[in-house]
Amino acid sequence: MAAPHLQQPSFLLATLKADCVNKPFAQRCRDLETVIEELPAKELHGIFPWLVESIFGSLDGIIVGWNLRCLQGRTNPNEYSVALDFLDPSGPMMKLVYKLQAEEYRYDFPVSYLPGPVKASIQEQVLPECSLYHNKVQFPSSGGLGLNLALNPFEYYMFYFAISLITQKNSPVTHHVSPSNSAYFILVDTYLKCFLPTEGSVLPPPSSNPGGAIPSPTPRSPAVPFSSYGMHHTSLLKRHIAHQPSVNADPASQEIWRSETLLQIFVEMWLHHYSLEMYQKMQSPHVKESFKPTEEHVLVVRLLVKHLHAFSNSLKPEPLSPSAHSHTASPLEEFKRVVIPRFVQEKLYIFLQHCFGHWPLDASFRAVLEMWLSYLQPWRYAPEKPPQSTEPLPRSVSEKWAAFIQENLLMYTKLFVGFLNRALRTDLVSPKNALMVFRVAKVFAQPNLAEMILKGEQLFLEPELVIPHRQHRLFMSPTLGGSFLSSRSPAVTDASFKVKSHVYSLEGQDFQYKQMFGTEVRNLVLKLAQLICQAQQTAKSISDHSAETMASQSFFSWFRFTPSEVNGSYTGNDLDEIGQDSIKKTDEYLEKALEYLCQIFKLSEAQLTQMMMKCGTAQDENGKKQLPDCIASENGLILTPLGRYQIINGLRRFELQYQGDTELQPIRSYENAALVRLLFRLSSALNERFADQMEVLCSRDDFVGRLCRYHLTNPQLVQKIRYSPVVRDRTSQNWGPRISLRFLASYRTLISLLMIYFLASWFYVGPVGCTFIILTAYFLYAVIMTFFFEGWKPHEH
């Protein structure tokens, strides 16, 4: 679309909106690129908010936009490549952002769509700690509704990009979409690599004017005074109001303002949904969840965590001379030094705590687990390569990571306890749950890691002078105003003070720390080890049962030509359908997890032997499982909490059997209800008509008698009727030899008969011939079964 140089913004906007309906996606993007290149910022200013919303969707989720979260190269390669090129850091959209940035335009973003803690803080006229919000809050004029943030174009664009992960929950997502292959996921990775580079410096933005430069955001004066978020002392509060620094006032911060802004927006939009106060309230089970993260959300956060580790680990080694440091350290290097503890640690910890406590007990928790494990292992993203060795030995964790472990102690210890509590409530026979236990045990079993965690706990428990009240809230907290570069905190050499400050800043000074290597947690580990042993026994019994079932199945059993089982109940679990390979994987995962737990907590062989013996008592002499844990009472057996857990997780069960007439069993899902009733009437009529003849045949001692006894009687039911008056009263009076036609009501039987008739018609065999073939096959089967099984011999009257 040729763009006239003097178009009015309203006409331009109307034309672009019409193009969204009439033109294909690729053509619209080419037209937009032409408009961005040719028109001045004054005319583009009017279409910018609409364009951002049309790409990322509306804040209320009604407008989907380009649906970047579902756009994948495999299913829609053309739109996928066009969208990525248009939104690339050097693409047309970012050129528009920088063109508007040069003119210092501002755009309103509603405070009502910010994360809960930030929204509540601003609405209460309390300034959030994050400098991203400083000098941006705009109060409505008299009679106006709602608060707004006045954002520059770069901030406005990134706010919409980041929050679209949260707001667009109702977008049409197909079942085959992989979040890690979507255009949104690729763009997050691209922006992180561009604005938080691990090599070199941040590329300067393109300039629309030859020889010109894009200025960083200019400071703005606050509309009204704000109190400091999280501060309650009057003297400190007054000092903060009187000396509130301007945004990006430090000249050194001009170099990386985009990097800091991008990171703050991502962290605020994706992680800051639970404040410390809200997190403490959420510990109560009666409090309703205000925000529920999705699996896709967690995967994107994991991508952020992994990149921040790589970004932080790319920090150049500090020079030996302290005086040389101030002259050689660039703003980007200073940013790498504090990026995780200052911007990410607290919000990520509260986010993970919430997920560990409220995420469903299913396999989707794997995303949260892997994100947590990624944060715990910054050495995986270090630039140095591990030494090559022929033996696949686990790599020892270097002592240089001791400071990181100590300053993130709760991430390792308290969240580990949270995982233990989850694992104790899950079905470890499931391969996916077994894999999660294996993954955690493997990570914590890395050589030297447990020793460094124990050292961190010892530092925290060291007696020390009382830390002044609220001083711990200032240690690793963000700077009270402006960029983090404006006032760098002095280095604290006391390791014990660092650990205490970390713990108290996240949990408060009244926090009762639970030692990871203490008695209480060790008992939880022993319980988990016992459950692992029980799950291994259960998986083994399921495997043996499946093998026996497969060996005992015959060709004719598929056609339902065998007599119906007395119970007719399903006694397996999901592993029967998963297969033997998954059962073997479960056993391998659990075996290795148990081995790793023994390494971490120094469990002795005697303890393991005792646990194995306890698990072994679950098998009686015949190899069958015992009943669930119960206590005897006047009213019979009553399940204990352990017994309920055993039933829920399939570790033990009651042997429930149908003790009535097999012909009167409830209709099964694999049977045709009308046929069951019709065949029951037919078989009842036949049994009534030929009862005496069948009784005579079954009383014979020759082959014919054995054949009739095997196929016309039910020995288990007869014995129960003879010796149980209760069963006798609940069954029909005619419990002698009889014909049962119920197997013909099975859908498998019906399908089998149709297949036989179809094949017979293919070979020009008529209905009479088909019937003869079926009857002959069944007769041969009956004869063979009679030879292999002696059959029931009736007791003497």
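## Close-up views of a predicted model

**Figure 1. A cluster of aromatic rings.** Phe-56, Phe-154, Tyr-157, Phe-161, Tyr-184, Tyr-191, Phe-195, Trp-257, Phe-266 and Trp-270 are joined into a cluster by ring pairs. Please keep in mind, here and in every view below, that this is a predicted model. Two members of the cluster, Phe-161 and Tyr-191, return in Figure 3, and another two, Phe-154 and Tyr-157, return in Figure 4.

**Figure 2. The whole protein, for orientation.** Before going further in, it helps to step back. The protein has 797 residues, and 46% of them are buried. Its secondary structure consists of 36 helices and seven strands. Among contacts with a separation of 6 or more, 79% are between residues 24 or more positions apart. The protein exposes about 41,300 Å², with 58% of that supplied by carbon and sulfur atoms.

**Figure 3. Two aromatic pairs up close.** The count of aromatic pairs in the model comes to 36. One of them is formed by Phe-161 and Tyr-191, an edge-to-face pair with 5.1 Å from centre to centre and 75° between the planes. Phe-161 belongs to helix α8 and Tyr-191 to helix α9 (residues 183-195), so this pair links distant parts of the chain, 30 residues apart. Are these two rings buried or exposed? Phe-161 is buried, because its relative accessibility is 0% and the cut-off for buried is under 20%. Tyr-191 is buried too, with a relative accessible area of 0%. The second pair shown is Phe-517 with Phe-601, which is tilted: the centres are 5.4 Å apart and the planes make an angle of 45°. Phe-517 sits in the loop between α23 (495-507) and α24 (519-552), while Phe-601 is in helix α27 (residues 580-601), so the pair ties together parts 84 residues apart in sequence. Phe-517 is partly exposed, with a relative accessible area of 24%, whereas Phe-601 is buried at 2%.

**Figure 4. Helix α6 meets helix α8.** Here you can follow how two helices come together. The axes of α6 (residues 92-102) and α8 (residues 153-167) come within 8 Å and cross at roughly 140°. That angle makes α6 oblique to α8. Which residues of α6 and α8 meet? From α6 come Met-93, Met-94, Val-97, Tyr-98, Leu-100 and Gln-101, and from α8 come Pro-153, Phe-154 and Tyr-157. Sorted by class, the contact of α6 with α8 has eight nonpolar residues, one polar residue and no charged residues.

**Figure 5. The surroundings of His-307.** His-307 is part of helix α13 (residues 295-313). With a relative accessible area of 10%, His-307 is buried. Look around the side of this residue for its partners: leaving out residues up to four places away in sequence, His-307 touches Leu-192, Lys-193, Leu-196 and Thr-198.

**Figure 6. The surroundings of Met-452.** Our last stop is Met-452, which is found in helix α21 (residues 449-461). Met-452 counts as buried, with 4% relative accessibility. Which residues are in contact with Met-452, leaving aside its neighbours within four places in sequence? They are Val-397, Ser-398, Glu-399, Trp-401, Ala-402 and Ile-405. Ile-405 is 47 residues from Met-452 along the chain, and their C-alpha atoms are separated by 7.2 Å.

Methods
Residues numbered from 1 in each chain as written. Predicted model: local features only at pLDDT ≥ 70, side-chain atom pairs only at ≥ 80, totals over all residues. Heavy atoms only, no water. Axes fitted to C-alpha atoms, helices over the stretch in contact; angles between N-to-C directions. Helix = DSSP H or I, 4+ residues; strand = E, 2+ residues; numbered from the N terminus. Parallel < 35°, antiparallel > 145°, perpendicular 65-115°, else oblique. Contact = heavy atoms within 4.5 Å. Nonpolar A, V, L, I, M, F, W, Y, C, P; charged D, E, K, R; others polar. Buried < 20%, exposed > 50% of the residue type's maximum accessible area, 1.4 Å probe, protein only. Areas by Shrake-Rupley, 256 points an atom, 1.4 Å probe, with all protein chains shown as cover. Phe/Tyr/Trp six-rings, centres within 6.5 Å; stacked < 30°, edge-to-face > 60°.
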